[in-house]
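Here is a short report on one protein model. Keep the sequence and the 3D view at hand while reading.

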Amino acid sequence: MDQKENVPPAWHGAKMDFKDAMNYGDYLALDQILSAQHPRSPNHNEMLFIVQHQTSELWMKLMLHELHAVRAQLHNGDLPPAFKMLARVARIMDQLVHAWDVLATMTPPEYSAIRPYLGNSSGFQSYQYREVEFILGNKNAALLQMHAAAPESFAKLDAALRAPSIYDEAILLMTRAGFVIDAARTAADWTQPTTSNESVKQAWLTVYREPSKYWALYELAEKLVDLETAFRFWRFRHVTTVERIIGFKMGTGGTAGVSYLRKMLDVVLFPELFALRTAL
């Protein structure tokens with residue numbers, strides 16, 4: 001037999017032997033990731049429910065990676081890298097919006113078949129989502145209690161609760177740039193949710209009335225508006241998908257379900273950036 005017949009065919013120069021080298025699956029730890037789905041019901045559709053939420057958590061992990069870096073860049077006054085990261089976070093939220101399109105293919109009977117197997121587990125308990133809200137300024141110390149049984153998660157959330165939000169850092173940056181902001185706002189209790197402040201609104205109005213003079217802050221403001229707009233779409237798509245699948249049933253985690261989610265649609269993260277539009 002010709003020895004050449006024992007040689008694996010070349011495939012456009014691709015490496016074929018990985019006995020002693022790292023491959024794609026090794027780098028991405030695919031064995032661990034792809035074996036992390038453990039349906040509890042006999043229903044075919046539970047795999048969709050699990051993968052949907054696991055991938056959302058992965059996107060949120062990346063989102064937090066970017067948001068922590070944004071906050072650091074704003075603190076240091078280095079805006080161009082922050083702009084890039086904020087744009088990326090908004091696109092991550094776009095991905096999360098479209099992910100609901102896939103879950104929406106689950107019908108009410110299909111969800112009803114797996115719901116008894118979920119117990120009290122609920123997306124409301126996602127500590128990563130809670131940290132996203134905290135770093136964006138929607139803080140609620142009472143929700144820490146839910147994570148008391150997980151010390152590492154609790155510590156991360158407690159730190160996020162006590163640290164300035166991204167918007168807080170943006171306002172502190174404006175103060176350093178010479179804008180007059182109320183001392184009560186710049187020395188606020190960071191554990192409290194963001195509230196509207198007239199001096200902040202006036203400062204942003206100055207920026208928007210002379211964008212060429214304050215271009216970096218103007219661009220920052222618009223990146224924040226893009227981010228909040230994407231976040232609103234994400235929330236809206238969540239509530240409409242939940243209503244489509246379970247109607248107005250109580251959520252598995254004990255919340256009022258759709259009624260609770262609709263209230264969250266009214267939360268404004270960066271209030272002055274939206275209020276100033278009317279004043280321009």
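Asn138 is buried, since its relative accessible area of 16% falls under the 20% cut-off. The model is predicted, so that value is computed from predicted coordinates. Asn138 sits in a loop, with helix H6 (127–135) on one side in sequence and helix H7 (151–162) on the other. Its contacts, setting aside neighbours within four places in sequence, are Glu133, Arg235, Val267 and Leu269.

**A second loop residue**

Ala29 belongs to the loop between helix H1 (24–28) and helix H2 (30–34). Its relative accessible area is 26%, which makes Ala29 partly exposed. The backbone of Ala29 is worth a look. Most residues other than glycine have a negative phi. Ala29 is not a glycine, yet its phi is positive, about 50 degrees. Gly178, which follows helix H8, also has a positive phi, near 105 degrees.

The two loop residues compare as follows.

| Residue | Loop between | Relative accessible area | Class |
|---|---|---|---|
| Asn138 | H6 (127–135) and H7 (151–162) | 16% | buried |
| Ala29 | H1 (24–28) and H2 (30–34) | 26% | partly exposed |

**A covered helix**

How many residues of helix H8 (residues 166–176) are buried? The count is 9 of 11, so H8 is mostly covered. The buried residues are Ile166, Tyr167, Asp168, Glu169, Ala170, Ile171, Leu172, Leu173 and Met174.

**A helix pair**

Two packed helices are described by the angle between their axes and the distance between the axes. For helix H11 (residues 215–246) and helix H13 (residues 271–279), the angle is about 105 degrees and the axes are 9 Å apart. Angles from 65 to 115 degrees count as roughly perpendicular, so H11 and H13 fall in that class. H11 contributes Ala221, Glu222, Leu224, Val225, Glu228, Thr229 and Arg232 to the contact, while H13 contributes Leu273, Phe274 and Arg277. By type, the contact residues of H11 and H13 are 5 nonpolar, 1 polar and 4 charged.

**The whole protein**

The protein has 13 helices and 0 strands. Its C-alpha trace spans about 85 × 50 × 35 Å along the principal axes. Of the 280 residues, 41% are buried. Among contacts with a separation of 6 or more, 72% join residues 24 or more positions apart. The protein exposes about 15,700 Å², and carbon and sulfur atoms supply 58% of that area.

Methods: Residues numbered from 1 in each chain as written. Predicted model: local features only at pLDDT ≥ 70, side-chain atom pairs only at ≥ 80, totals over all residues. Heavy atoms only, no water. Axes fitted to C-alpha atoms, helices over the stretch in contact; angles between N-to-C directions. Helix = DSSP H or I, 4+ residues; strand = E, 2+ residues; numbered from the N terminus. Parallel < 35°, antiparallel > 145°, perpendicular 65-115°, else oblique. Contact = heavy atoms within 4.5 Å. Nonpolar A, V, L, I, M, F, W, Y, C, P; charged D, E, K, R; others polar. Buried < 20%, exposed > 50% of the residue type's maximum accessible area, 1.4 Å probe, protein only. Areas by Shrake-Rupley, 256 points an atom, 1.4 Å probe, with all protein chains shown as cover.
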